[in-house]
Amino acid sequence: MLQVYMAEAIDHFGELEKVKSYWGANLLEDEASSITSTIHLEACVLQYIYGRIDPSRLQLESAKAAASLEFSVTGALGFRTIHQVDPKAQMVLVANTSSSNGDVRLASEKADVGPYEAWGGEAPEVYMTPKLVNNESEAGKDSVPLKPVEQALILAQCLLIERGSRHDEMQRWDMAPYIEAIDSQKSTYFVLRCFCDLLRVRWESTRGRTKGRALEMMDKLVGAINKSDPGVSNRIPLCYAVHLPTIPALRKEYGELLVSCGLVGEAITIFESLELWDNLIYCYCLLGKKSAAVDLINARLLERPNDPRLWCSLGDVTINDSCYEKALEVSNDKSVRAKRALARSAYNRGDFEKSKMLWEAAMALNSLYPDGWFALGAAALKARDVQKALDAFTFAVQLDPDNGEAWNNIACLHMIKKKSKESFIAFKEALKFKRDSWQMWENFSHVAMDVGNIDQAFEAIQQILKMSKNKRVDVVLLDRIMTELEKRNSACKSSSSSTETEASSDESTETKPCTATPAETQRQLELLGKVIQQIVKTESTAEIWGLYARWSRIKGDLTVCSEALLKQVRSYQGSEVWKDKERFKKFARASLELCRVYMEISASIGSKRELFTAEMHLKNTIKQATVSFLDSEELKELESCLEEVRNVMQKSEEEYRDTKT
């Protein structure tokens with residue numbers, strides 16, 4: 001019926017021409033536009049109450065057009081607190097009204113021009129309206145008086161912001177310019193003033209520095225509405241053009257604000273007078289008065305024995321599953337709250353399969369509950385049902401895209417299923433909300449490497465090093481990156497060499513094309529070098545020195561390479577190396593690599609010192625290895641390398657004698 005009457009009202013008074021033709025000369029100045037915009041504004045609020053946001057938005061646009069009002073949010077420098085030294089960017093509302101010449105800024109250079117003094121409060125440290133910096137280019141554009149209908153239109157925009165965006169801190173800040181614009185008006189209707197103050201209370205109660213002021217304003221607001229003064233004639237104008245809650249609903253909101261501020265005793269008085277038993281039971285539990293809560297529930301059950309909510313409340317207080325089962329019985333198995341409670345209880349007992357089944361049943365009744373999907377995913381994961389867990393976490397992030405834990409679980413499940421690409425995308429979403437988890441960064445680095453995104457892997461490594469102060473080093477990942485860059489560098493050199501020496505014959509050896517440009521490979525090599533050099537300043541393990549040596553070899557610095565290999569060899573040395581075969585293998589490989597680098601240095605500069613050093617190291621190593629690892633392949637390789645070093649030394653001596661002769 002409301003929809004029918006609304007359509008009839010809009011049909012009669014929804015256009016300026018119809019209003020003017022109906023009343024004719026009896027209309028005062030601008031009264032026709034006020035009537036038309038008010039009709040559309042009341043229709044906007046009606047659609048909002050029934051959750052029809054798009055029609056509500058269309059009605060608001062029609063109301064703005066009838067009132068010839070346009071507004072938008074812009075930025076301006078200003079101060080928000082008394083102690084602020086430098087001005088910061090503030091969001092302010094700019095409006096173009098029928099009575100203004102162009103855009104005007106609905107704010108003032110004077111802070112707190114709003115109604116705070118009317119509530120009897122002291123000057124606050126945080127301004128109610130920002131104190132804007134006087135800018136000559138903005139001169140003459142400051143606040144102008146708005147008509148009551150125009151103020152109601154601005155407040156209606158807050159409703160659409162509240163319903164059309166996520167309920168988080170940013171949503172309240174998006175509403176702030178509209179609230180402050182009305183606060184900057186010197187006088188307004190009682191209903192508009194109350195609704196604006198209620199919006200401000202909801203905003204400021206979410207901020208630590210203004211929560212006390214919000215509580216004080218709410219107390220004064222409830223008191224002002226309960227008083228008989230002002231009378232009906234002052235309260236009625238535009239009362240249907242705003243969505244002001246009824247007095248019981250307002251008092252309930254006040255009680256919830258008291259609870260959030262820790263004033264549970266005062267909240268109990270309000271909830272008792274309103275007979276809000278669930279809220280009252282919750283307050284008793286907060287105060288630790290479980291016996292009083294149980295007595296209250298039992299008293300209510302005598303009057304309403306088939307109320308599943310009371311049985312669930314009794315189960316919450318007594319932690320008794322039989323109460324939830326009774327709630328299911330009296331509700332014909334339709335109590336979602338009871339199913340959720342039983343699912344949590346089963347999960348805590350370790351009965352994950354039953355918990356999964358109960359969560360599935362609960363979500364079948366009410367699927368718009370992201371925490372429930374997350375809990376179902378956790379239970380399914382514990383029950384080893386990977387696909388069910390993945391589906392549940394996916395539903396959770398569809399309803400709550402900011403759930404970093406759910407994104408992380410999705411990524412890890414894709415890792416289990418060897419789907420690196422999907423895992424990489426999920427980790428990127430998870431890290432938007434949980435950037436302080438080194439475990440998540442570590443998993444992300446491996447997945448990034450799996451999909452070939454070395455730059456993202458480097459970002460993850462740097463984040464891990466920053467959080468762990470260079471203590472958490474993933475040598476396996478660094479080795480993978482080093483191996484990949486070695487392959488790329490070799491492929492690029494081979495490709496370049498074969499291009500230069502390409503013959504006209506068709507018989508040419510095919511070389512694997514370079515997967516990245518030489519410039520990109522060199523840039524990533526530089527990044528890897530910075531990471532390794534950062535690590536070796538605090539962590540000097542054998543593996544890190546080995547990576548540093550390989551990097552130095554790619555860069556062509558054999559001297560630094562030999563020094564790093566020598567430190568790697570010394571890291572492996574000790575009495576344990578001759579007892580642990582795996583450790584000896586690593587020691588032998590590092591020794592062989594060191595001696596080969598010594599031979600390269602000797603060949604490049606014509607020095608024998610490196611050869612003598614290599615020979616001495618190999619002789620000592622072979623002597624000790626003969627005792628412990630006589631038949632090992634590593635010993636044979638060391639002996640072969642020693643023979644090669646001696647041949648090089650002999651050849652060098654012969655060349656030296658021939659030259660002298």
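The following exercises, with worked solutions, concern helix packing and aromatic pairs in a predicted model.

Residues are numbered from 1 along each chain as its sequence is written. Local features need pLDDT of at least 70, and side-chain atom pairs count only at pLDDT 80 or more.

**Exercise 1.** Determine how helix 10 and helix 11 are oriented to each other.

*Solution.* Step 1: the axes of helix 10 (residues 247-260) and helix 11 (residues 264-274) come within 8 Å and cross at roughly 155 degrees. Step 2: angles over 145 degrees count as roughly antiparallel. Step 3: helix 10 and helix 11 are therefore roughly antiparallel. Step 4: the contact (heavy atoms within 4.5 Å) involves, among them, Tyr-254 and Leu-258 of helix 10 and Ile-270 and Phe-271 of helix 11. Step 5: the residues of this contact comprise nine nonpolar, two polar and four charged.

**Exercise 2.** Classify the ring pair of Phe-374 and Phe-393, and state the burial of each residue.

*Solution.* Step 1: rings pair if their centres lie within 6.5 Å, and planes over 60 degrees apart count as edge-to-face, under 30 as stacked and the rest as tilted. Step 2: the centres of these rings, Phe-374 and Phe-393, are 5.3 Å apart and the planes stand at 65 degrees, so the pair is edge-to-face. Step 3: Phe-374 belongs to helix 18 (residues 370-382) and Phe-393 to helix 19 (residues 386-399). Step 4: buried means under 20% relative accessible area, exposed over 50%, and partly exposed in between (1.4 Å probe, protein chains only). Step 5: at 23%, Phe-374 is partly exposed, whereas Phe-393, at 1%, is buried.

Methods:
Side-chain values use heavy atoms; hydrogens and water are left out. Axes are lines fitted to C-alpha atoms, for helices over the stretch in contact, and angles run from 0 to 180 degrees between N-to-C directions. Helices (H or I, at least four residues) and strands (E, at least two) are DSSP runs, numbered from the N terminus. Angles under 35 degrees count as roughly parallel, over 145 as roughly antiparallel, 65 to 115 as roughly perpendicular and the rest as oblique. Ala, Val, Leu, Ile, Met, Phe, Trp, Tyr, Cys and Pro count as nonpolar, Asp, Glu, Lys and Arg as charged, and the others, Gly among them, as polar. Rings of Phe, Tyr and Trp (its six-membered ring) pair if their centres lie within 6.5 Å; planes under 30 degrees apart count as stacked, over 60 as edge-to-face and the rest as tilted.
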